[in-house]
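Dear colleague,

Please find the structure below for your review. My notes on the contacts between its chains follow.

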Amino acid sequence: MNGIHDMGGMQGLGEIGYRRDDPAFHAAWETRVHALVTALAAYGKWRALRPDIEQIAAAEYLRMSYYERWLTALTERIVKSGLASREEIERGAADAGLGRSVPALSADAARSAPLQIPRTELAVRIQPPFRVGERVRGANLNPPGHTRMPRYARGKVGVVERDRGVFALPDNDVYFLDPKPQHVYLVRFAARELWGADASARDSVYIDLWQDYLEPA
Amino acid sequence: MSGHGHDHDHDHQAVPSDPALRVKALESLLVEKGLVDPAALDVLVDLYENKVGPRNGAQVVARAWIDPEFKRRLLADGTAAIAELGFSGQQGEKLTVVENTPSVHNVIVCTLCSCYPWPLLGLPPIWYKSSAYRARTVIDARGVLKELGLDVRDDVEVRVWDSNAASRYLVLPQRPRGTETLSEAALAALVTRDTMIGVARVAPPGGERP
């Protein structure tokens with residue numbers, strides 16, 4: 001979707017706030033949200049929280065801290081997937097008379113599961129539509145839902161640097177729709193192609209793009 | 001979601017606006033329902049606070065500096081080479097390592113969210129997830145790097161890696177001069193997180209360049 005999260009190339013978004021020794025977490029609750037997300041992902045009821053993060057209204061998105069967005073999206077996912085009701089969350093207590101579940105992620109599993117290599121590449125043979133070195137153009141796509149195509153690459157011409165193999169199309173897969181397995185390509189875009197003559201002639205931006213995001217150029 | 005700011009909170013909200021309280025309430029509900037085991041959460045917190053972090057990435061870099069054969073494998077297939085050192089996991093399914101040289105400087109960003117090589121660097125710092133870093137790095141990498149204290153000469157090519165898809169990226173920084181006699185462990189100690197994101201250079205031992 002053309003949401004606020006698709007920020008590449010925007011200007012006027014304030015300070016970077018760089019600090020050399022900035023820690024990954026700034027408060028104990030942030031680590032707890034991160035852990036809750038991992039523990040609940042073990043139910044397999046959702047593929048990713050990003051689609052929900054992207055649905056946060058732009059003004060709220062910009063106001064919230066990073067882990068506030070996670071917390072908001074996680075809460076939505078918990079309700080939508082039926083793990084708990086909104087009333088239970090607002091009350092902070094479970095409905096009376098419901099039995100207890102068994103947690104999907106045990107403490108033992110928590111020690112090893114996050115360190116296993118997730119297999120996202122699909123063992124499917126598909127004739128690759130593009131070759132390394134071929135020129136490709138970013139398609140003019142404006143889907144209302146999740147996509148991994150940054151809008152600044154639309155209509156821009158780049159060169160295929162690498163074939164990444166076959167993956168599910170996130171635009172469908174995150175909604176449990178037809179995963180449309182297809183090749184992902186690492187594409188190099190010259191900075192001048194993306195940003196015009198003021199950009200450095202030497203510089204470039206590399207993006208991994210699914211076949212559906214590309215057309216021959 | 002309430003639009004009330006933190007400086008004038010009132011008690012009429014059923015759900016507290018303070019995220020710390022919201023998380024606490026959510027966790028206790030999920031524990032009550034038997035959906036999460038608090039001991040599992042403790043394990044995960046310890047893992048990402050204390051165990052998985054940039055020291056992993058630094059070991060990969062140091063090994064690549066002293067072992068040309070490992071470096072060749074690392075640049076060809078990052079995931080496999082990094083697994084040789086025992087590092088793998090969430091957000092590390094397809095690791096791509098890009099090498100800084102005297103003529104090429106690489107920098108990593110995720111414009112759409114916060115993609116980052118967790119198994120090697122842990123969780124990202126706040127500035128990496130800031131709107132300004134995400135927005136500006138693709139359109140003005142040199143300006144961003146300069147603001148962060150890194151001047152890149154005009155004759156050096158800057159490559160920006162917008163890592164929001166199938167792969168996660170790590171920069172293999174340049175080995176500083178004067179480190180020929182250092183052990184692998186001493187080399188790893190020089191490598192900071194930000195040098196592996198590509199917003200800093202590795203300083204030689206003792207700080208400033210000779």
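Two residues are taken to be in contact if their C-beta atoms, placed from the backbone, lie within 7 Å. This is a predicted model, in which local features need pLDDT of at least 70 and side-chain atom pairs count only at pLDDT 80 or more, while totals for chains, interfaces and linings use all residues. Residues are numbered from 1 along each chain as its sequence is written, and chains are lettered from A and ligands numbered from 1 in the order in which they are written.

On this basis, 70 residues of chain B are in contact with 80 residues of chain A. The side of chain B that touches chain A comprises 41 nonpolar, 13 polar and 16 charged residues (Ala, Val, Leu, Ile, Met, Phe, Trp, Tyr, Cys and Pro count as nonpolar, Asp, Glu, Lys and Arg as charged, and the others, Gly among them, as polar). Its largest share, 11 residues, comes from α1(B); helices (H or I, at least four residues) and strands (E, at least two) are DSSP runs, numbered from the N terminus.

One helix pair spans the two chains. The axes of α1 of chain A (residues 28-41) and α2 of chain B (residues 38-51) come within 9 Å and cross at roughly 115°, where axes are lines fitted to C-alpha atoms over the stretch in contact and angles run from 0 to 180 degrees between N-to-C directions. Among the residues making this contact are H34(A), L36(A), L44(B) and Y48(B).

Strands also link the chains: β4 of chain A (residues 204-210) and β3(B) pair in the parallel sense over four bridges, pairing requiring at least two DSSP bridges. V160(B) is the bridge partner of V205(A).

Yours sincerely
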